[in-house]
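Trainee: I would like to go through this model with you. Shall we start at the ligand and then turn to the domains?

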Amino acid sequence: MDGKLSIVATPIGNLGDITLRALQTLEAADIVAAEDTRHTVKLLNHFEIKKRLISFHEYSNEARYDELLGLLREGKHIALVSDAGTPVISDPGYELIRRCTEEGIEIESLPGACAAITAVTLCGMDCSRFSFYGFLNTKSAARKKELAEIQGEGKPCIVYESPNRVTKTLKDICEVCGEDTQVCVARELTKVYEEVARGTAKEVLDMFCARQAIKGEVVLVIGPQACATEATEEDIVRALKESLGLGMTKKDAAAHVAALLGVPKNRTYQILLTL
Ligand code: SAM
């Protein structure tokens with residue numbers, strides 16, 4: 001008998017968001033592989049599901065992979081869950097899934113809650129195209145470089161952020177992308193104290209700076225550069241110098257500033273050659 005790995009999305013705060021299929025699969029599985037077994041046992045207890053749990057997280061060693069793959073080869077059905085939301089999305093699972101695909105082990109994915117997608121639907125920006133970045137770098141210089149790349153893409157970008165860093169990141173957005181950049185801070189999604197703050201980076205920064213502490217979990221949606229008045233040569237020179245100062249190559253800086261200011265790339269490149 002062939003085993004099966006079911007990737008099971010679980011709620012990101014509101015237990016009512018569990019799907020019927022997730023419950024049926026957790027009930028049917030032989031084993032639940034969980035990022036934090038203490039956390040998952042609470043979820044299972046809530047739904048009166050008793051199951052063997054195996055811990056599986058980003059630091060799991062080779063022995064744990066061997067154990068899980070061995071069980072799957074024996075024909076066991078394993079449900080993979082993370083602490084909240086969709087496994088693999090800024091959560092463990094990728095490497096296990098890669099190994100299962102290599103071995104031809106059956107895999108299914110059960111769609112459900114995901115903080116990034118929930119924020120996309122709430123942000124109020126045109127997300128007909130968007131990108132997802134996961135967590136930004138915790139160091140400001142590296143984060144600014146990432147923000148410059150993100151802004152260069154010209155579409156809204158979803159990032160996960162720690163509540164302790166939200167104001168720092170908003171300050172960086174003001175500096176790198178411009179104070180008028182549209183942002184959305186989606187906090188405690190699906191929970192009692194859910195909050196969605198939309199506005200320019202400066203407006204939302206001021207709102208959060210006025211608070212003593214920011215608590216809970218946060219998704220940040222960073223809008224593309226606001227359509228500004230036509231950029232002058234001075235604007236382009238300033239933006240190029242900033243980009244080069246962030247460590248970008250000349251080619252990247254020219255492309256980034258072109259996207260940022262909505263001007264042709266050959267214009268930014270020509271100006272760059274004069275610096
Ligand atoms: N795999 C998960 C998913 O599908 O959303 C994300 C896991 S990642 C380790 C955790 C991050 O997701 C948090 O730091 C926060 O940025 C975001 N997040 C998770 N739950 C959230 C919620 N209820 N409200 C806002 N953000 C949330």
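Trainee: How many residues surround the ligand?

Mentor: Keep in mind that this is a predicted model. The closest residues are Ile89, Asp91, Ala115, Tyr160 and Val218. Counting every residue with a heavy atom within 4 Å of the ligand, the total is 19.

Trainee: Which residue has a polar backbone atom 2.6 Å from an oxygen atom of the ligand?

Mentor: Take the nitrogen atoms of the ligand before the oxygen. One lies 2.8 Å from a backbone N or O atom of leucine 189. A side-chain N or O atom of glutamate 217 is 3.3 Å from a ligand nitrogen. For the ligand oxygen at 2.6 Å, the backbone partner belongs to valine 218.

Trainee: What share of the ligand's accessible area does the protein cover?

Mentor: Start from the ligand on its own, with 570 Å² of accessible area. The part of this covered by the protein is 90%.

Trainee: Where does domain 2 lie in the numbering?

Mentor: The domain assignment gives domain 1 as 4-113 and domain 3 as 233-272. Domain 2 is written as two segments, 131-139 + 155-222.

Trainee: Which three residues supply 71% of the area that domain 1 buries against domain 2?

Mentor: The centres of the two domains, taken over C-alpha atoms, are 30 Å apart. Six residues of domain 1 contact eight of domain 2, and the buried area is about 480 Å². On the domain 1 side, no other three residues give more than Ile12, Ile89 and Ser90.

Trainee: How many residue pairs are in polar contact between domain 1 and domain 2?

Mentor: Carbon and sulfur atoms give 59% of the area buried there. Salt bridges between these domains number zero. With both residues at pLDDT 80 or more, the count of pairs in polar contact is one.

Trainee: How many charged residues are on the side of domain 1 that touches domain 2?

Mentor: Sort that side by class. Two residues are nonpolar and three are polar. The charged residues number one.

Definitions and conventions
Residues are numbered from 1 along each chain as its sequence is written. This is a predicted model: local features need pLDDT of at least 70, side-chain atom pairs count only at pLDDT 80 or more; totals for chains, interfaces and linings use all residues. Side-chain values use heavy atoms; hydrogens and water are left out. Domain bounds come from an automatic or database domain assignment. Contact means heavy atoms within 4.5 Å. Buried area is the accessible area (1.4 Å probe) that two parts lose on being put together, summed over both. A salt bridge is a side-chain nitrogen of Lys or Arg within 4 Å of a carboxyl oxygen of Asp or Glu. A polar contact is a pair of N or O atoms within 3.5 Å; within protein, one must be able to donate a hydrogen and the other to accept it, and residues adjacent in sequence count only if both atoms are side-chain atoms. Ala, Val, Leu, Ile, Met, Phe, Trp, Tyr, Cys and Pro count as nonpolar, Asp, Glu, Lys and Arg as charged, and the others, Gly among them, as polar. Accessible areas come from the Shrake-Rupley method with a 1.4 Å probe; for residues, only the protein chains shown count as cover.
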